[in-house]
Protein chains: 2
Amino acid sequence: MATLTFQPYGKRTKVKVNQTFLEAARAIGVYIRSICGAKGLCGKCRIIVHKGKEYLSQPSEAERRIFSEEDLENGFRLACQVTAIREGEIVVEVPRESQVDRQRLLLRGLENNVMLAPAVRKITISLEEPSLLDTTSDVDRIVEAVERKTGFRVRIDYETLKRVPHVLRKGKWEVIAVIWRNQEIISVQPGENNEIYGLAVDVGTTKLAGFLLDLNDGKVVAAASMMNPQIAYGEDIISRIRYVMDNDANLSRLQQVVVEGVNRLISELCEKAGISPNEIFDAILAGNTAMHHIFLGIPPNYLSQIPYPAALQSPIDVKARDLALNIERGAYLHALPAIAGFVGGDAVADILATGVHEADELSMLVDVGTNTEIVLGNKDRLIACSCASGPAFEGAHIKHGMRAATGAIERIWIDPQNYEVGYKTIGDVKPRGICGSAIVDVVAEMLKVGLVDHSGRFNKEAETPRLRLEKKPAEFVIAWNDETSIDSEIVVTQEDIREVQLAKAAIYTGAYMLMRQMKVQLDDIQRIFLAGAFGTYVDPNSARTIGMYPDVPLNKVRFVGNTAGSGARMALLSVAARKKAEDIAKHVEYLELGAEPDFQNEFVKATYLPHQQIARFPSVSKMLGRSL
Amino acid sequence: MATLTFQPYGKRTKVKVNQTFLEAARAIGVYIRSICGAKGLCGKCRIIVHKGKEYLSQPSEAERRIFSEEDLENGFRLACQVTAIREGEIVVEVPRESQVDRQRLLLRGLENNVMLAPAVRKITISLEEPSLLDTTSDVDRIVEAVERKTGFRVRIDYETLKRVPHVLRKGKWEVIAVIWRNQEIISVQPGENNEIYGLAVDVGTTKLAGFLLDLNDGKVVAAASMMNPQIAYGEDIISRIRYVMDNDANLSRLQQVVVEGVNRLISELCEKAGISPNEIFDAILAGNTAMHHIFLGIPPNYLSQIPYPAALQSPIDVKARDLALNIERGAYLHALPAIAGFVGGDAVADILATGVHEADELSMLVDVGTNTEIVLGNKDRLIACSCASGPAFEGAHIKHGMRAATGAIERIWIDPQNYEVGYKTIGDVKPRGICGSAIVDVVAEMLKVGLVDHSGRFNKEAETPRLRLEKKPAEFVIAWNDETSIDSEIVVTQEDIREVQLAKAAIYTGAYMLMRQMKVQLDDIQRIFLAGAFGTYVDPNSARTIGMYPDVPLNKVRFVGNTAGSGARMALLSVAARKKAEDIAKHVEYLELGAEPDFQNEFVKATYLPHQQIARFPSVSKMLGRSL
């Protein structure tokens with residue numbers, strides 16, 4: 001029996017002949033994702049072999065369909081397929097995305113270490129009571145005490161100042177002062193209490209994510225997310241900007257709506273953590289430029305007009321009360337800086353979280369959303385662009401598309417022999433729609449099994465009752481009526497496929513333009529970070545198959561989840577991280593895709609699956625060549 | 001004929017024998033105040049003889065009644081009495097308070113010169129339009145341009161920032177930025193416009209005074225005043241503090257009421273000057289500590305409790321919008337610092353305006369109000385105290401007392417022969433009451449003619465139908481029924497006299513305690529500044545006669561009007577003056593009268609007219625000795 005070690009767990013077992021590594025893992029409590037029933041179809045159970053390749057079974061048909069030649073060379077295998085064929089020492093890694101227990105963490109994004117040095121801190125002050133011999137005023141008394149204790153000159157927040165007289169007496173001259181950046185007393189409280197919390201908010205076009213952190217230890221004490229309630233006023237950035245341009249009062253309306261949303265998040269976070277909103281003394285905002293502007297009440301109007309300038313790129317600290325944000329009144333919200341009109345603080349946070357600005361390796365960062373930001377480079381040079389990828393990956397503009405919620409099909413695989421469909425729903429209930437990751441899957445799978453061709457059209461020769469070419473538009477059945485919870489079939493239409501082609505072409509073209517600008521070849525890219533909620537769930541293989549990002553080996557792809565949230569949390573925990581964010585925003589170059597003369601031409605070529613110039617996707621074309 | 005020159009006019013004339021100097025003055029257009037019809041009773045026409053004493057008539061009975069020996073030695077004469085008795089060269093000075101045309105100016109207070117260097121200035125900026133090659137954000141664009149032009153690092157006001165995108169385009173990239181203290185862009189405007197105004201406000205317990213200044217030349221373009229509408233909630237500081245202590249919400253109410261009052265003043269000022277409130281880019285607040293606290297929404301509660309600490313002594317800059325003050329939204333209001341709980345920014349402004357902190361001479365400054373602040377010292381050392389003088393001098397708590405408005409008797413004199421009464425009303429209409437200056441006059445006159453005694457009691461021996469001892473309280477008729485416009489007599493009662501005694505005793509005791517603290521004798525005092533609206537109108541002779549301030553020769557007394565307003569205007573025009581104010585507030589010592597063990601005792605002695613220890617008023621006692 002071979003010896004099998006699972007990294008990063010360090011767990012060891014003996015593996016029998018014909019026992020799959022998936023079975024061996026489960027036996028010792030290592031949980032690897034697998035959703036197709038170990039049939040080699042879903043591709044979720046991938047592992048990377050680091051030692052003992054020579055003792056393993058040859059790649060199965062299923063593995064060859066899922067992995068490119070290069071992936072296989074790099075040690076990628078499916079745990080449900082691979083077995084040991086003779087004795088030896090085998091070491092495999094269960095990568096992040098295959099780890100069952102890491103799924104929740106992924107939601108939170110990459111956890112990058114920062115030195116805990118938040119902008120706010122509490123200090124305890126013991127004051128002398130005033131007397132006829134010392135009638136120093138209350139405010140001067142506390143300010144002087146804070147200055148003596150900290151060694152910094154401080155001012156005092158105006159609203160806080162008004163509370164000083166009562167607080168000093170309530171606390172019997174023992175008080176807590178909350179100091180912001182060693183510059184300002186932003187709150188005073190009677191007595192002693194060391195609790196201090198911060199809020200990181202990622203305001204996305206579609207989703208709001210909030211994190212409550214304990215600033216004493218840097219830990220996330222609660223996380224919550226919700227839809228951006230601005231969706232009622234337009235699904236994407238451009239439609240919201242248009243709404244604002246209709247009427248100046250609409251800006252206030254949109255601002256109010258999103259702040260109310262964030263206030264609901266704050267309530268939820270505080271309830272989860274059992275604290276009061278008044279104990280939140282600092283906040284960070286990350287968001288694309290349009291969301292940032294609207295949140296702050298800054299007109300986004302000119303973002304949509306050439307040359308698309310932001311109204312404000314620099315970081316800014318705004319009093320929570322000026323935003324009607326329901327945290328301690330004297331606290332500041334620090335809005336991360338933007339790189340350009342369409343590459344906002346969220347992209348800065350992505351870079352901060354992934355550390356690409358400090359890395360030697362040439363990295364590409366793709367934060368997929370309704371607007372997708374792409375960054376390419378390393379510590380020497382970084383270029384960024386923004387792609388209008390649209391909301392298809394959020395399930396919008398797709399006949400049975402839906403958000404990643406219970407009942408959404410999140411994974412799809414198609415049997416190459418009979419075109420039968422396997423799927424998995426969120427919550428393992430009857431399906432009621434298809435979410436973004438499965439939409440990518442289904443296009444990739446149809447391409448692989450030959451149900452659609454290079455140009456995205458259904459293959460008229462394919463014989464299966466699921467394919468209905470006579471419908472207008474033509475459609476492919478994913479789930480029959482009796483399987484679903486919506487009293488109708490769930491299908492993918494020719495138009496849905498077209499939407500996916502446009503969306504992925506937008507992203508690929510951006511990535512390609514950055515590579516060209518930087519004179520970078522495929523092989524030069526050492527890492528691709530897939531970020532954003534969608535980037536967490538999408539199958540990297542499926543995404544690469546349809547040509548969403550450059551054709552690099554899977555082992556170069558990292559899933560980093562909501563890095564905008566991670567970067568925001570880093571900035572919350574560390575003033576130095578804010579400084580870095582400011583440097584990033586200043587130094588990252590911006591490429592305006594619309595200004596590239598051949599953009600349209602490149603975009604059209606990129607709508608092909610995976611690309612009109614198939615040579616740009618060498619490993620995908622090889623794989624397709626095999627399975628077609 | 002003698003040659004007579006009137007200073008400061010430099011006008012010369014020949015004066016005939018038996019022609020009074022008042023007549024000679026009128027003949028050449030020099031207008032000297034006189035309200036009793038040149039009878040030598042009102043004492044308003046006083047002049048100072050600088051040259052040619054030997055050519056003049058001897059002081060008349062009337063002059064001897066009005067002036068002390070020392071005053072006469074110093075050259076004081078009444079223009080309606082003095083004549084030339086032989087040929088010679090005579091030079092007289094018409095002092096400020098006797099000049100008819102200077103009366104309005106006195107309202108405005110001492111005009112102290114400052115170098116024009118206000119906190120705000122406008123700069124014109126020409127910007128490059130953004131292009132695909134330069135997509136710098138709107139805000140960064142303007143901030144960088146301002147920094148280049150000024151050489152200072154600046155931040156930008158948050159509300160102003162929100163207006164930047166539209167303003168830049170409206171102005172076609174030619175804009176005005178208003179810069180505050182070379183630190184912050186507080187406003188942006190399209191196009192070119194050099195007008196820039198500032199507001200100085202003196203918030204008194206009883207009165208609000210506002211001044212609109214052109215910050216380009218430092219000139220007052222409009223002035224206005226009104227009653228402090230907080231009076232409805234209590235006449236004096238203590239009653240307003242009690243009102244606030246009843247209920248925390250009352251603080252907001254009082255704040256709102258006074259801010260609304262100031263906003264009405266602003267409207268009036270702007271209307272007079274023909275400008276918009278948005279053109280006011282800076283404001284200064286001077287006020288006693290309680291008014292300052294309430295205006296800023298700071299609890300004044302503890303001001304009334306031993307040891308009477310202020311909540312805030314330091315100067316503070318608060319955004320106008322945070323106070324709902326109707327000037328440009330991004331502008332700051334600078335509140336002058338306080339010396340102590342009851343010696344506020346108004347006293348600091350007084351000192352700034354009179355320059356006592358920079359003078360070699362030992363000066364006493366008395367700013368008479370409902371609360372009277374007194375300052376004693378010179379550039380080496382200054383001590384201040386606060387006296388609860390009450391509203392008697394504003395006409396309150398006096399049977400027929402009224403404010404200094406049309407129909408108020410402002411000057412009273414009593415014929416020593418027959419106790420007949422002469423008076424002058426504001427506006428020269430039928431009287432409807434008595435204002436503060438006449439209240440002081442009447443007590444002084446009654447003392448001089450023997451209608452009241454040293455202790456303030458009516459003289460039962462005096463024979464005149466005007467004195468009605470049978471009434472409860474006993475009263476003295478100032479104006480008969482048919483003379484008045486109120487269908488009743490106007491009288492002064494025994495209780496009214498008592499009120500005046502208490503009020504003047506409070507002031508004198510403060511002055512005395514300061515002298516004692518500083519080990520200063522009467523002769524050491526080189527100047528007394530009488531400030532405040534009341535201080536402008538009161539007859540210094542009458543005030544001295546009743547013992548309101550130490551018995552110094554009249555030529556040492558200066559009327560300086562509303563110096564709180566003057567100091568506020570200086571601070572508006574000069575950042576350096578603000579710094580001086582801050583230094584003054586820090587370095588002036590405060591004497592808490594309540595902490596002096598013999599305060600009560602001293603106060604009681606001071607209720608006598610002019611004082612129980614008559615030796616403290618040598619010149620007054622000499623004068624009274626003559627006329628009694």
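This tour moves through a predicted model with two chains, from the pairing of the chains to selected residues within them.

**The two copies**

Begin with both chains displayed. Superposing chain A on chain B takes a turn of 180 degrees and a shift of 0.1 Å along the axis, and the resulting RMSD is 0.1 Å. The two copies are thus related as by a two-fold rotation axis. To locate that axis from chain A, select A:Asp322: its C-alpha is the one in chain A nearest the axis, at 4.9 Å.

**The interface**

Next, select the residues of each chain that contact the other. The selection should hold 37 residues from chain A and 37 residues from chain B. Of the interface residues of chain A, 100% are also interface residues in chain B, so the copies meet through the same surface.

Together the chains bury about 3300 Å², with 63% of this area on carbon and sulfur atoms. Highlight A:Leu132, A:Tyr158 and A:Tyr302, which supply 19% of the area that chain A buries against chain B, more than any other three residues.

Which elements of chain A give two or more residues to the side that touches chain B? They are helix H5 (138-150), helix H6 (158-170), helix H8 (248-273) and strand S14 (316-319). Colour H6(A) separately, since this helix gives the largest share of that side, six residues.

Now display the polar atoms across the interface. There are 16 residue pairs in polar contact, with both residues at pLDDT 80 or more. Salt bridges between chain A and chain B number zero.

**B:Leu215**

Move to chain B and centre the view on B:Leu215, in the loop between strand S11 (207-214) and strand S12 (220-227). Is B:Leu215 buried or exposed? With a relative accessible area of 4%, B:Leu215 is buried, because this value falls under 20%.

Show its surroundings, leaving aside residues up to four places away in sequence. The residues that B:Leu215 then touches include B:Leu116, B:Pro118 and B:Val120. B:Ile196, B:Tyr197 and B:Gly198 are also among them, as are B:Asp282, B:Leu572 and B:Leu573. For a distance to label, take the C-alpha atoms of B:Leu215 and B:Glu195: they are separated by 8.1 Å, while the residues lie 20 apart along the chain.

**B:Arg616**

Stay in chain B and select B:Arg616, in the loop between helix H17 (599-606) and helix H18 (618-627). This arginine counts as buried, at 14% relative accessibility.

Which side chains make polar contacts with that of B:Arg616? One polar contact, of 2.7 Å, is with the side chain of B:Gln613. Another, of 3.2 Å, joins B:Arg616 to the side chain of B:Glu602. Beyond four places in sequence, B:Arg616 touches B:Tyr508, B:Tyr512, B:Leu522 and B:Asp551, among others. B:Glu602, B:Lys605 and B:His611 also belong to this set of contacts.

**The cysteines**

Finally, select the cysteine sulfur atoms in both chains. How many disulfides does the structure hold? Over all chains there are zero. A:Cys435 illustrates this: the nearest cysteine sulfur belongs to A:Cys42 and is 14 Å away, whereas a disulfide requires sulfur atoms within 2.5 Å. A:Cys435 is buried, at 4% relative accessible area. In chain B, end on B:Cys270, which is buried with a relative accessible area of 3%.

How values were computed
Residues numbered from 1 in each chain as written. Chains lettered and ligands numbered in written order. Predicted model: local features only at pLDDT ≥ 70, side-chain atom pairs only at ≥ 80, totals over all residues. Heavy atoms only, no water. Buried < 20%, exposed > 50% of the residue type's maximum accessible area, 1.4 Å probe, protein only. Least-squares fit on C-alpha atoms with pLDDT ≥ 70 in both. Contact = heavy atoms within 4.5 Å. Helix = DSSP H or I, 4+ residues; strand = E, 2+ residues; numbered from the N terminus. Buried area = accessible area lost by both parts, 1.4 Å probe. Salt bridge = Lys/Arg side-chain N within 4 Å of Asp/Glu carboxyl O. Polar contact = N/O pair within 3.5 Å; in protein donor to acceptor, adjacent residues only side chain to side chain.
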